[in-house]
Amino acid sequence: MAMTIRQVGPCFAGEVDGIDLMQPLSREDAAAIHAGMDQYAVLVFREQALEDGQQMAFTQSLGGIEHAIGTSLRGPNENRLPTTFADVSNLDKENKPFAREDRRRLFAIGNQLWHSDSSFKETPAKYSLLNAHAIPSKGGNTEFADMRAAYDALDDETKARAEGQICEHSQVYSRGKIGFTDFTDEERARFAPVRQVLLRTHPVTGRKSLYLSSHAGSIVGWPVPEASIFLRDLAEHATQREFVYAHEWRVGDLVIWDNRQTMHRARPFPAEEPRDMRRTTLAGDGPTVP
Ligand code: OGA
Ligand code: MN
């Protein structure tokens, strides 16, 4: 059976059928997935139930991976997963949910703000691949916003205002927005801001998109409050329901998104319930600012 894609979101996001990700990926299927990502920006593979090794093999058959080193508040001996994975769960090394007040949990709650993965790194992420191993009894959806459709729908004056702008991104900015400021000096140095363009052009389709993220805290050359309002207005525009697909997880689902063309956020869920989500990430081509 050949791979098929059925659109499930308002203007993007497709659900893929007719492929078993446990099998080695053929060149044709890899090409079809990349083409699907170019078009839909989010692809859903239902109930594939990949183990870590299978997820990694599938990820590497699509490109070179980004490592997750020093991007969370977990110490080097507190990792549940190897650094080839981003541990997006709420679980400690013993697979127990973090206590409500645990600063690792409170930092990770920042994923509930709209963002694009690794926009706080000089070379930000290309695709993210998120695999659900355990899901809570309620809540915990992941929402995606189509930043191409959002760009297209801007008026000409706003497009012109955004053109050529450069933003500064840091996890200190995103966490600051939810009142998490309790960083050590070492963490502040590790999370030093990086620059990203505000508008991106997709290398294959040529479509333009807004490159927004909760990590964006300023626009180079702008007064901070004015930049904050502009970025907030853009994000509010871009995350209207007409641009959003909400994914309701089933155990074993794998969802891939293109961070260059979308934003995403997790939704709240009961703190005491395990939510075991494991992410592999494809590295971007290079910095967005020359
Ligand atoms: C991520 C992320 C959202 C979620 O994996 O990068 O933001 O719903 N995940 O867990
Ligand atoms: Mn994320």
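This note goes through the structure point by point, from the sheet to the bound ligands and then to a few single residues.

1. The model is a predicted one, and local features are described only where pLDDT is at least 70. Every statement below should be read with that in mind.

2. A good place to begin is the sheet, which is open and is built from seven strands in the order S1-S2-S3-S13-S5-S15-S4, with mixed pairing. Its edges are formed by strand S1 (4–7) and by S4, each of which pairs on one side only. As background, the strands of a sheet pair through backbone hydrogen bonds, and they may do so in a parallel or an antiparallel sense.

3. Strand S3 shows what mixed pairing looks like in practice. With strand S2 (residues 14–17), S3 pairs in the parallel sense over three bridges, whereas with strand S13 (residues 254–258) S3 pairs in the antiparallel sense over four bridges. Val-44 can be followed in both directions: Glu-15 has Val-44 as its bridge partner in S3, and Val-44 also stands opposite Val-255 in S13.

4. Are the two faces of strand S3 covered or open? Both are covered, since Val-42 and Val-44 on one side, and Leu-43 and Phe-45 on the other, are all buried. It helps to remember that in a regular strand the side chains alternate between the two faces of the sheet.

5. Just ahead of this strand, Ala-41 deserves a careful look, being placed in the loop between helix H1 (27–40) and S3. The phi angle of Ala-41 is near 70°, which is a positive value in a residue other than glycine. Ala-41 counts as buried because its relative accessible area is 0%, and buried means under 20%.

6. A second residue with positive phi is Asn-95, where the angle is near 65° and the residue is again not glycine. Asn-95 belongs to the loop between strand S4 (86–87) and H3. With a relative accessible area of 44%, Asn-95 is partly exposed.

7. Helix H3 (residues 103–108) includes Arg-103. Arg-103 has a relative accessible area of 26%, and so falls in the partly exposed class, between the limits of 20% and 50%. Although Arg-103 and Leu-73 are 30 residues apart in sequence, their C-alpha atoms are 7.7 Å apart in space.

8. Which residues coordinate the manganese ion, ligand 2? They are His-115 through NE2, Asp-117 through OD and His-264 through NE2, at 2.1 to 2.2 Å. Along the sequence these donor residues follow the spacing H-x1-D-x146-H, and two of them, His-115 and Asp-117, are buried.

9. The three residues that coordinate the manganese ion, namely His-115, Asp-117 and His-264, are also found around ligand 1, together with Val-88, Asn-111, Leu-130, Thr-142, Trp-257, Ala-266, Arg-275 and Arg-279. Sorted by class, the shell around ligand 1 contains four nonpolar, four polar and three charged residues.

10. Several polar side-chain atoms lie beside oxygen atoms of ligand 1, and they can be checked one at a time in the structure. For Thr-142 the distance from such an atom to an oxygen of ligand 1 is 2.5 Å, for Arg-275 it is 2.7 Å, and for Arg-279 it is 2.7 Å. Taken alone, ligand 1 exposes 290 Å², and the protein buries 99% of that area.

Note on methods:
Residues numbered from 1 in each chain as written. Chains lettered and ligands numbered in written order. Predicted model: local features only at pLDDT ≥ 70, side-chain atom pairs only at ≥ 80, totals over all residues. Heavy atoms only, no water. Near = heavy atom within 4 Å. Polar contact = N/O pair within 3.5 Å; in protein donor to acceptor, adjacent residues only side chain to side chain. Areas by Shrake-Rupley, 256 points an atom, 1.4 Å probe, with all protein chains shown as cover. Nonpolar A, V, L, I, M, F, W, Y, C, P; charged D, E, K, R; others polar. Donors = N, O, S within 2.8 Å, 3.2 Å for Na, K, Ca; no water. Buried < 20%, exposed > 50% of the residue type's maximum accessible area, 1.4 Å probe, protein only. Pairing = 2+ DSSP bridges.
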